[in-house]
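Here's a quick briefing to read with the model open in your viewer. Rotate things around as you go and check each stop for yourself.

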Amino acid sequence: MVDNRYATALVIGSVLSLLATVYLSVAVGTQHWYEYNTPEVNGTTQGDPVYAMNGTRALWWRCILVASSSHWYKTPALDKNKMETRCSSFSLSEQFSLKMKPGKNEEEDLLRTYLWRCQFLLPLVSLALVFLSGLVGVCACLCRSFTPTFFVGVLHLLAGLCSLGTVCCFLAGVDLLHRYFPLPEGVEGTLGWSLYLALISFPLQMMAAALFLWAARSHRKNYTRMTAYRVA
């Protein structure tokens with residue numbers, strides 16, 4: 001029989017885990033991780049077109065604001081009343097391709113390469129760990145055992161670290177990109193709401209992990225004391 005305190009901890013932990021999974025899934029599937037804002041949209045820039053065209057960056061895409069009749073990177077005379085956002089997705093090979101430092105020598109930028117790969121893989125690992133913890137929790141309910149709750153907490157702890165690592169790798173990658181290609185005058189870069197969703201999922205997963213670990217540890221101590229009392 002499970003104490004009401006432990007049952008409450010399990011329910012709250014499950015709700016927090018579900019919220020974290022929803023937030024992280026929405027963050028991974030949306031394009032607003034980093035946004036560029038400029039007072040006047042224009043199609044002429046020496047740097048990345050995302051800078052001067054109110055673009056956004058994400059884990060899978062980059063988007064720019066273009067005229068409705070234009071194609072990617074082709075901007076005719078722009079009419080503010082006929083603008084739309086268009087996104088270009090990264091293929092799997094592009095996600096794992098080597099990044100080069102700007103310059104004539106074209107040296108390999110290993111730091112940016114691995115940051116790019118990590119920001120792509122870590123959120124998927126985080127979601128996979130949460131899904132695995134859900135399977136372990138279902139098996140624990142079917143077996144009527146409280147022991148697997150400890151492993152559920154550990155999996156959520158690892159998932160939370162992966163979520164935090166995703167945000168850190170993305171921000172570090174953007175910072176390196178801005179060092180190589182500085183923002184033009186008048187262009188401002190801001191964090192997007194998708195990144196904040198991913199960041200919010202981290203404390204939710206950590207709180208869920210803490211509740212699961214506390215419930216497992218406390219229940220084990222209580223069970224050991226009851227066993228010792230019965231033996232005595």
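Let's start at H32, which touches T56, R57, G192, W193, S194 and L195, once neighbours up to four places away in sequence are set aside. Keep in mind that this is a predicted model. From H32 we'll step back to the whole chain, then walk through the helix packing and a few more residues.

**Around H32**

- H32 sits in the loop that links helix 1 to strand 1 (34-37).
- Is H32 buried, exposed or partly exposed? Its relative accessibility comes out at 27%, so H32 counts as partly exposed, given that the partly exposed class runs between 20% and 50%.
- The side chain of H32 also has a polar partner: it pairs with the side chain of E35 in a polar contact of 3.2 Å.
- W61 is 29 residues away from H32 in sequence, yet the two C-alpha atoms are 9.3 Å apart in space.

**The whole chain**

- The chain holds six helices and five strands.
- Read from the N terminus, the order of elements is α-β-α-β-β-β-α-α-α-β-α.
- The chain has 232 residues, and 37% of them count as buried.
- Take the contacts in the chain with a separation of 6 or more: 67% of them are between residues 24 or more positions apart.

**Helix 4 against helix 5**

- Helix 4 covers residues 110-143, and helix 5 covers residues 149-180.
- The two pack at an angle of about 160 degrees, and their axes are 8 Å apart.
- How do the two helices run relative to each other, roughly parallel or roughly antiparallel? That angle makes helix 4 roughly antiparallel to helix 5, because angles over 145 degrees fall in that class.
- Helix 4 goes past helix 5 in a left-handed crossing.
- On the chemistry side, the residues of this contact split into 21 nonpolar, nine polar and one charged.

**Helix 1 against helix 4**

- Helix 1 spans residues 4-29, and its axis comes within 11 Å of the axis of helix 4, with a crossing of roughly 150 degrees.
- Helix 1 is therefore roughly antiparallel to helix 4.
- The crossing of helix 1 past helix 4 is left-handed.
- Which residues make the contact? Helix 1 brings S17, T21, L24, S25 and V28, and helix 4 brings P123, S126, L127 and V130.
- Sorted by type, the residues of this contact are five nonpolar, four polar and no charged.

**S126, a serine in helix 4**

- S126 belongs to helix 4 and is one of the residues that helix 4 puts into its contact with helix 1.
- Is S126 buried or exposed? With a relative accessible area of 0%, S126 is buried, since the cut-off for buried is under 20%.
- Even so placed, S126 has a polar contact: its side chain meets the side chain of S163 at 3.0 Å.
- Leaving out residues up to four places away in sequence, S126 touches L24, A159, C162, S163 and Q205.

**D109, just ahead of helix 4**

- D109 is in the loop between helix 3 (92-95) and helix 4.
- The relative accessible area of D109 is 3%, so this aspartate is buried.
- Where does the side chain of D109 reach? It gets to the backbone nitrogen of R112, at 3.3 Å.
- Beyond its neighbours within four places in sequence, D109 contacts K99, M100, K101 and Y180.

**Pairs far apart in sequence: helix 1 and helix 6**

- V11 is part of helix 1, and at a relative accessible area of 53% V11 is exposed.
- V11 and F212 are 201 residues apart along the chain, with their C-alpha atoms separated by 9.6 Å.
- L213 is in helix 6, which covers residues 193-231.
- L213 counts as partly exposed because its relative accessibility is 27%.
- L213 and L10 lie 203 residues apart along the chain, and 9.8 Å separates their C-alpha atoms.
- Setting aside neighbours within four places in sequence, L213 is in contact with F150, G153 and V154.

Conventions: Residues numbered from 1 in each chain as written. Predicted model: local features only at pLDDT ≥ 70, side-chain atom pairs only at ≥ 80, totals over all residues. Heavy atoms only, no water. Helix = DSSP H or I, 4+ residues; strand = E, 2+ residues; numbered from the N terminus. Buried < 20%, exposed > 50% of the residue type's maximum accessible area, 1.4 Å probe, protein only. Polar contact = N/O pair within 3.5 Å; in protein donor to acceptor, adjacent residues only side chain to side chain. Contact = heavy atoms within 4.5 Å. Axes fitted to C-alpha atoms, helices over the stretch in contact; angles between N-to-C directions. Parallel < 35°, antiparallel > 145°, perpendicular 65-115°, else oblique. Left-handed = near helix turned anticlockwise from the far one by under 90°. Nonpolar A, V, L, I, M, F, W, Y, C, P; charged D, E, K, R; others polar.
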